Amino acid sequence: MFCPYCRNPDSRVIDSRTADDGAAIRRRRSCPGCGRRFTTQETVILMVSKRSGVTEPFNREKITNGVRRACQGRPVTEDQLAILAQRVEEAIRARGCAEVPSHDVGLAILGPLRELDEVAYLRFASVYRSFESLADFEAEIATLRAARAGTWPDGAGSRDGAGPRTGDGPSARPDDHQDRPAATAAAGLAVPGPGPGTGPGSDDGPRTPDQARPGLRASAR
């Protein structure tokens, strides 16, 4: 590495220590030409591919700047923004991929931002997901409310990987996965019985469970 002061192509490492929770290494170097010292930082390069096909190195500062605009006027500190950006980077690097789509970076932002501030989350999601009407905001707000209650509304779900709908939500009904005639018969209600009397044009009305199965009733007697 060239010395930033005299452009000497040689330098000597005199100290090394980890940084960014082990994601980088800082080295203190000394130039044998001019005797001055400088610090370098080594890190694994993570590339981000854009929709246009262009790739560029991952930049945590871009995440902080984008989220900062969404958090304008909200009680969010710079330290919280820095922690959010670090969480996003850690989540992306944990995948073990050398290159990730920019869309995945946006998805990784949504989860931590929703936990940080819901208003800022709505602002960011409205731009990232291209909301076009109030209905889009209403649907997202309904999803946030359902997430607080631990349920998901009909047709909704976590679009950012927060989790599936739980079984006690409004769309989960006990008879959804049951045989409806069997469930009705078990409740003692009238059900259409099998046989010729149930075809089109038949004058026979609905039968009770006992009437629908006369053979079994006779054998029971």
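Which residue of β3 does Arg-28 stand opposite? Arg-28 faces Thr-39. This is a predicted model, and that pair is a good place to enter it.

Arg-28 and Thr-39 belong to a hairpin. Strand β2 covers residues 24-30. It runs antiparallel to β3, and seven bridges join the two. Six residues lie between the strands of this hairpin. Among the hairpin's residues is Gly-35, which takes a positive phi near 80°.

Next comes the open sheet. It has three strands, in the order β5-β4-β6. The pairing is mixed. β5 and β6 are the edge strands, and each pairs on one side only. From one strand to the next, the twist averages 30°. Take the β4 and β6 pair in detail. β4 spans residues 47-49 and pairs with β6 in the parallel sense, over three bridges. β6 itself spans 99-101. Within this pair, Val-48 has Val-100 of β6 as its bridge partner.

Now turn to the empty space. A probe the size of a water molecule, rolled over the atoms, shows where such space is left. The largest pocket has a volume of about 590 Å³. Its lining counts 21 residues. Closest to the centre are Lys-62, Ser-102, Val-105, Gly-106 and Ile-109. Four elements give two or more residues each to this lining: β5 (55-57), α1 (60-70), α3 (102-116) and α4 (118-128). The edge strand β5 of the open sheet is thus one of the contributors to this pocket. By class, the lining holds 10 nonpolar residues, five polar and six charged.

The second largest pocket comes to about 220 Å³. It is lined by 13 residues. Nearest its centre lie Asp-20, Thr-43, Phe-58, Glu-89 and Arg-93. Which elements each supply at least two residues of this lining? They are β3 (37-43) and α2 (78-93). That brings the tour back to the hairpin, where β3 is the partner of β2. The second lining divides into six nonpolar residues, three polar and four charged.

Two links are worth keeping in view on the structure. β3 pairs with β2 in the hairpin and also supplies residues to the second largest pocket. β5 sits at an edge of the open sheet and also gives residues to the lining of the largest pocket.

Key. Residues numbered from 1 in each chain as written. Predicted model: local features only at pLDDT ≥ 70, side-chain atom pairs only at ≥ 80, totals over all residues. Heavy atoms only, no water. 1 Å grid on protein atoms, 1.4 Å probe; cavity = no way out; pocket = protein on both sides within 12 Å on 5 of 7 lines; lining within 4 Å. Points joined across faces, edges and corners; volume = space filled by probe spheres on them. Nonpolar A, V, L, I, M, F, W, Y, C, P; charged D, E, K, R; others polar. Pairing = 2+ DSSP bridges. Axes fitted to C-alpha atoms, helices over the stretch in contact; angles between N-to-C directions.
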